[in-house]
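Here is a quick tour for anyone opening this structure for the first time. Have a look at it, and then we can walk through it piece by piece.

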2 protein chains.
Amino acid sequence: MTDHPLDQALALRPRDADGVLAGATHPAYWNMVGPFGGTTAAVMLQAVLQHPQLLGAPISMTVNYAAAIVEGSFEVEAVPVRTNRSTQHWTLRMVQADSTGELQVCTLGTVVTALRRTTWGATDLAMPAVPPPDQVARLGIGPSRVAWVEQYEMRPVHGSIPTAWNGEGDHSETIMWVRDAQPRALDFASLAALSDVFYPRVWLRRAKPVPIGTVSITTYFHVDAQELAAVGTGHLLGRATGQQFANGFFDQAAQLWSEAGKLLATSNQLVYYKE
Amino acid sequence: MTDHPLDQALALRPRDADGVLAGATHPAYWNMVGPFGGTTAAVMLQAVLQHPQLLGAPISMTVNYAAAIVEGSFEVEAVPVRTNRSTQHWTLRMVQADSTGELQVCTLGTVVTALRRTTWGATDLAMPAVPPPDQVARLGIGPSRVAWVEQYEMRPVHGSIPTAWNGEGDHSETIMWVRDAQPRALDFASLAALSDVFYPRVWLRRAKPVPIGTVSITTYFHVDAQELAAVGTGHLLGRATGQQFANGFFDQAAQLWSEAGKLLATSNQLVYYKE
């Protein structure tokens with residue numbers, strides 16, 4: 001473990017011989033009323049990544065935020081339910097003790113890992129043409145309303161945070177360069193977290209900061225560990241758009257490319273909103 | 001239960017007092033080497049829909065195809081792991097007996113159901129402008145290579161099945177009108193199945209029918225039961241596009257609109273491919 005805040009947040013130690021891991025929320029990734037959901041997804045994935053029976057690398061992950069996570073310790077269990085020749089199917093759950101000490105499920109998930117083989121490839125989702133990161137201003141550095149935002153260097157090209165919360169938004173697309181604020185070589189856990197780095201599309205679409213909460217996020221990983229390592233501490237180009245906003249829930253689609261233009265991950269999430 | 005083949009395929013009867021349900025694959029929805037994945041997803045969802053503790057209606061579903069399903073009986077278990085005031089989080093698994101009679105997990109999943117409230121809404125994914133269904137030719141009626149295709153009326157506007165499998169495809173987008181071939185009022189189970197109705201994008205992109213298999217599908221439902229019922233037996237407009245094709249796995253994004261232009265569901269899947 002390094003002293004990088006993400007490595008601290010991802011730290012999991014065996015709690016017993018049953019493969020249950022113990023961890024704790026980290027103040028550096030605190031959101032308004034709980035941890036940043038991206039960090040929670042990364043912690044869930046980390047339980048798979050450090051499992052002794054792991055086959056291959058993640059290709060798909062779904063995390064369902066079942067209940068609020070409170071500050072403090074939690075347990076994560078990753079179970080390899082089915083292992084095939086080249087794919088492995090996992091179920092995940094995170095639990096926390098309630099006020100009576102009883103363990104309650106707060107997060108559920110599934111992961112698929114796989115051994116990849118070299119095949120034909122192509123992309124039908126090209127990286128948008130944008131100025132390079134050093135020509136795009138960094139979003140406000142310094143104390144923000146929530147801690148986790150300070151852990152990321154964000155350079156919005158399009159669709160930054162509204163300057164006027166006047167209820168007159170007219171689109172839901174953000175394009176930005178992004179990476180860990182304190183440099184850290186990209187890996188699957190940090191890519192999982194970055195897939196959730198876009199602020200809720202409903203805020204941009206309405207220019208109105210209504211109460212929200214992610215219900216479920218699904219991320220597909222399109223690269224192997226070696227390709228991720230090649231990205232190193234470089235910027236990623238992220239794009240997120242809202243799709244359908246209807247009666248309390250909306251979905252947003254996101255993509256993350258390396259600076260070299262390779263599509264690393266595609267992600268979708270369903271988000272609760274009020275009003 | 002009606003005599004509609006989908007209702008027959010969805011038929012689940014309590015196996016015991018523990019909430020485990022028993023069903024069987026249906027020949028009308030057979031694919032090349034197993035059941036159509038859309039029907040399997042619909043069966044998984046059906047186990048939630050007929051659960052006595054169900055809260056609200058589905059808003060999100062992920063189904064992971066962990067192993068091949070063989071012809072014959074299976075069991076499905078849907079567990080409401082966490083019930084909140086307005087959302088409910090489910091885990092799902094489908095098992096089949098192997099040749100020794102031991103139960104093996106073949107399908108895993110999670111579902112979130114919710115009570116919706118009336119809120120502000122908007123769409124940032126408008127229905128493509130296309131001719132009405134009665135002006136678009138229906139895709140070949142009659143015996144096809146796989147049974148399930150005959151259960152759907154498909155009217156492709158764009159990106160139909162390649163006429164020449166010459167390895168010279170150049171895009172991965174299909175737009176088509178679609179509905180059950182034998183009329184059946186739309187519900188959540190049939191919408192879940194329709195979300196998987198698009199043939200694998202890699203076949204279109206390459207104009208080459210390589211071996212494939214869906215690994216995971218995630219569908220978001222943007223309407224309630226009443227809005228679905230209003231669609232009735234009308235056509236849906238479906239659109240699917242490939243995104244990233246890399247080293248054995250690609251993802252495809254899909255949308256389904258009602259003929260009136262309402263976005264009913266958005267869906268993403270990750271698919272294995274060979275070569």
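Which residue takes a positive phi in the hairpin of E1(B) and E2(B)? It's B:Gly19, with a phi near 90°, and the hairpin has five residues between the strands. Keep in mind that this is a predicted model.

**Around strand E2 of chain B**

Let's stay with that hairpin for a moment. Strand E1 (residues 13-14) of chain B and E2(B) run antiparallel, joined by two bridges. B:Pro14 has B:Leu21 of E2(B) as its bridge partner. E2(B) also has a link to strand E4 (residues 73-83) of chain B: five bridges join these two, and they run antiparallel as well. There, B:Leu21 turns up again, with B:Val76 in E4(B) as its bridge partner.

In a regular strand, side chains alternate between the two faces of the sheet. Strand E2 (residues 20-24) of chain B shows such alternation: B:Leu21 and B:Gly23 point to one face and are buried, while B:Val20, B:Ala22 and B:Ala24 point to the other face and are not buried.

**Chain A as a whole**

Stepping back, chain A is built with five helices and 13 strands. Its C-alpha trace spans about 55 × 50 × 40 Å along the principal axes. A compact globule with 275 residues would have a radius of gyration near 19 Å, and the 18 Å of chain A agrees with that. Of the 275 residues of chain A, 50% count as buried. Sequence-distant pairs show up a lot too: among contacts in chain A between residues at least 6 apart in sequence, 68% join residues at least 24 apart.

**An enclosed strand in chain A**

Strand E6 (residues 103-114) of chain A is largely enclosed by the rest of the structure, because nine of its 12 residues are buried. What pairs with E6(A)? One partner is strand E5 (residues 87-97) of chain A, antiparallel over 11 bridges. Within that pairing, A:Gln88 has A:Thr113 in E6(A) as its bridge partner. E5(A) and E6(A) form a hairpin with five residues between them, and A:Gly101 in the turn has a positive phi of about 90°. Strand E3 (residues 57-65) of chain A is another partner, running antiparallel to E6(A) with eight bridges. In this case A:Asn64 has A:Leu108 of E6(A) as its bridge partner.

**The nonpolar core**

The largest nonpolar core has 150 residues, and the members that touch the most others are A:Leu45, A:Leu191, B:Leu45 and B:Leu191. Leaving aside residues up to four places away in sequence, A:Leu191 touches A:Leu186, A:Phe221, A:Leu228, A:Leu256, A:Leu264 and A:Ala265.

**Two odd backbone spots**

Two residues of chain B have a positive phi although they are not glycines. Here they are side by side:

| Residue | Phi | Other C-beta atoms within 10 Å |
|---|---|---|
| B:Ala207 | about 50° | 16 |
| B:Glu275 | about 80° | 11 |

B:Ala207 sits in the loop between helix H4 (201-206) and strand E10 (212-221) of chain B, and it is partly exposed. B:Glu275 is in the segment after strand E13 (263-273) of chain B, and it is exposed.

**How the two chains meet**

Where do the chains come together? In total, 50 residues of chain A are in contact with 50 residues of chain B. On the chain A side, strand E11 (residues 236-246) brings the largest share, six residues. By class, that side has 18 nonpolar, 24 polar and eight charged residues.

Strands pair across the two chains as well: strand E7 (residues 122-123) of chain A and strand E11 (residues 236-246) of chain B do so in the antiparallel sense, over two bridges. A:Ala122 stands opposite B:Phe245 of E11(B).

Finally, how are the copies related? Chain A superposes on chain B by a rotation of 180° with 0.0 Å of shift along its axis (RMSD 0.0 Å). The two copies are therefore related as by a two-fold rotation axis. Also, 100% of the interface residues of chain A are interface residues in chain B, so the copies meet through the same surface.

Notes:
Residues are numbered from 1 along each chain as its sequence is written. Chains are lettered from A and ligands numbered from 1 in the order in which they are written. This is a predicted model: local features need pLDDT of at least 70, side-chain atom pairs count only at pLDDT 80 or more; totals for chains, interfaces and linings use all residues. Two residues are in contact if their C-beta atoms, placed from the backbone, lie within 7 Å. Helices (H or I, at least four residues) and strands (E, at least two) are DSSP runs, numbered from the N terminus. Ala, Val, Leu, Ile, Met, Phe, Trp, Tyr, Cys and Pro count as nonpolar, Asp, Glu, Lys and Arg as charged, and the others, Gly among them, as polar. Two strands pair if DSSP finds at least two bridges between them. The radius of gyration is taken over C-alpha atoms; the globule rule is 2.2 Å times the number of residues to the power 0.38. A residue is buried if 20 or more other C-beta atoms lie within 10 Å of its own, exposed if 12 or fewer, and partly exposed in between; C-beta atoms are placed from the backbone. A nonpolar core is a set of buried Ala, Val, Leu, Ile, Met, Phe, Trp, Tyr and Cys residues joined through C-beta atoms within 7 Å. Copies are superposed by least squares on the C-alpha atoms of residues with pLDDT of at least 70 in both.
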